[in-house]
Amino acid sequence: MIVTLIVICEVGFWVLLAAGLATRYLLKMPRTGIALLLCEPLLEVLLLVVTAIDLKNGADPSWKHGLAALYIGYTVGHGHRTVKWLDGHAAHRFGGAPRPPKPPQYGMARARHEGKVWLGSVTAAAVASGLLLLAALYVGDDGNTDSLYGWIFVAWRATGIHGLIALSYAIWPRRAPAVEPDSAVPARDPEHVPDLLVRRPSKDEEQV
């Protein structure tokens, strides 16, 4: 049941997102569109409530409850950035807004961008860990909570790997490709054109 609800929440997230953006920009109803977008956190609340009820009814903590916590954490850590990115493109495509800038690709600007994305992963791991700890305390000594603590390790291990990848952009920043100078010379300055490109007059032609 928990896995099915996670799939429903994921599908519902994209359905609400598409409906909110369409209402906001195609139907020209910005308030209604924002209201639909604000309904998305309710999906995570629903998943959290169902997970708690499942544990309360005596279900043994398992990977399903851990996966639910990680899903909620990921949505909290990265959901806002995803919605903002899609909203910017929808505003450009349907609302006449300027094209949203692309993330930086080179240098320390790229490293800072990757660091901000990694902070979203830290937030996701922290939220998931908090939910898993609360679930373990809720179950108490009567149930097997090893799987819940195991998922905390999974969350921070993934965050650590992501952090190493983000750090690599600061240690080895990508360099922008060198721009080759234009070989063509404007026609108004023929004296600067190499001899191979412009035929110099011969001595006979100069005497004439």
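Helices are DSSP runs of H or I with at least four residues, numbered from the N terminus. With that naming in hand, the largest share of the lining of the second largest pocket, 6 residues, can be assigned to helix 4. The model described here is a predicted one, and its pockets make a convenient place to begin.

The largest pocket has a volume of about 570 Å³. Its lining is made up of 15 residues, and those closest to the pocket centre are Arg81, Trp85, Pro101, Pro103 and His113. Helix 4 (63-94) and helix 5 (107-139) each bring at least two residues to this lining, with helix 4 giving the most, 6 residues. Sorted by character, the lining of the largest pocket holds 6 nonpolar, 4 polar and 5 charged residues.

The second largest pocket has a volume of about 290 Å³. It is lined by 14 residues, and nearest its centre lie Leu37, Glu40, Pro41, His80 and Val83. Two or more residues of this lining come from each of helix 1 (2-26), helix 2 (30-38), helix 3 (40-56) and helix 4. Here the lining divides into 7 nonpolar, 3 polar and 4 charged residues. Helix 4 therefore deserves a second look, because this DSSP run gives the most to the lining of the largest pocket and also the largest share to that of the second largest pocket.

One residue of helix 4 worth visiting is His78. Is this side chain buried or exposed? His78 has a relative accessibility of 4%, and so counts as buried, since the cut-off for buried is under 20%. A polar contact of 2.9 Å links the side chain of His78 to that of Arg81, and Arg81 is in turn among the residues closest to the centre of the largest pocket. When neighbours within four places in sequence are set aside, His78 is in contact with Val117, Gly120 and Ser121.

Attention then turns to the aromatic rings. How many aromatic pairs does a search of the whole structure find? The search returns 1. This pair consists of Phe13 and Trp14, whose ring centres lie 5.2 Å apart and whose planes meet at 90°, so the arrangement is edge-to-face. The two partners fall into separate accessibility classes: Phe13 counts as buried because its relative accessibility is 7%, whereas Trp14, at 41%, counts as partly exposed.

How values were computed: Residues are numbered from 1 along each chain as its sequence is written. This is a predicted model: local features need pLDDT of at least 70, side-chain atom pairs count only at pLDDT 80 or more; totals for chains, interfaces and linings use all residues. Side-chain values use heavy atoms; hydrogens and water are left out. On a 1 Å grid over the protein atoms alone, a cavity is a set of points where a 1.4 Å probe fits but cannot get out, and a pocket is an open set with protein on both sides within 12 Å along at least five of seven lines; lining residues have an atom within 4 Å of a point. Grid points are joined across faces, edges and corners, and a volume is the space filled by probe spheres set on the points. Ala, Val, Leu, Ile, Met, Phe, Trp, Tyr, Cys and Pro count as nonpolar, Asp, Glu, Lys and Arg as charged, and the others, Gly among them, as polar. Buried means under 20% relative accessible area, exposed over 50%, partly exposed in between (1.4 Å probe, protein chains only). A polar contact is a pair of N or O atoms within 3.5 Å; within protein, one must be able to donate a hydrogen and the other to accept it, and residues adjacent in sequence count only if both atoms are side-chain atoms. Contact means heavy atoms within 4.5 Å. Rings of Phe, Tyr and Trp (its six-membered ring) pair if their centres lie within 6.5 Å; planes under 30 degrees apart count as stacked, over 60 as edge-to-face and the rest as tilted.
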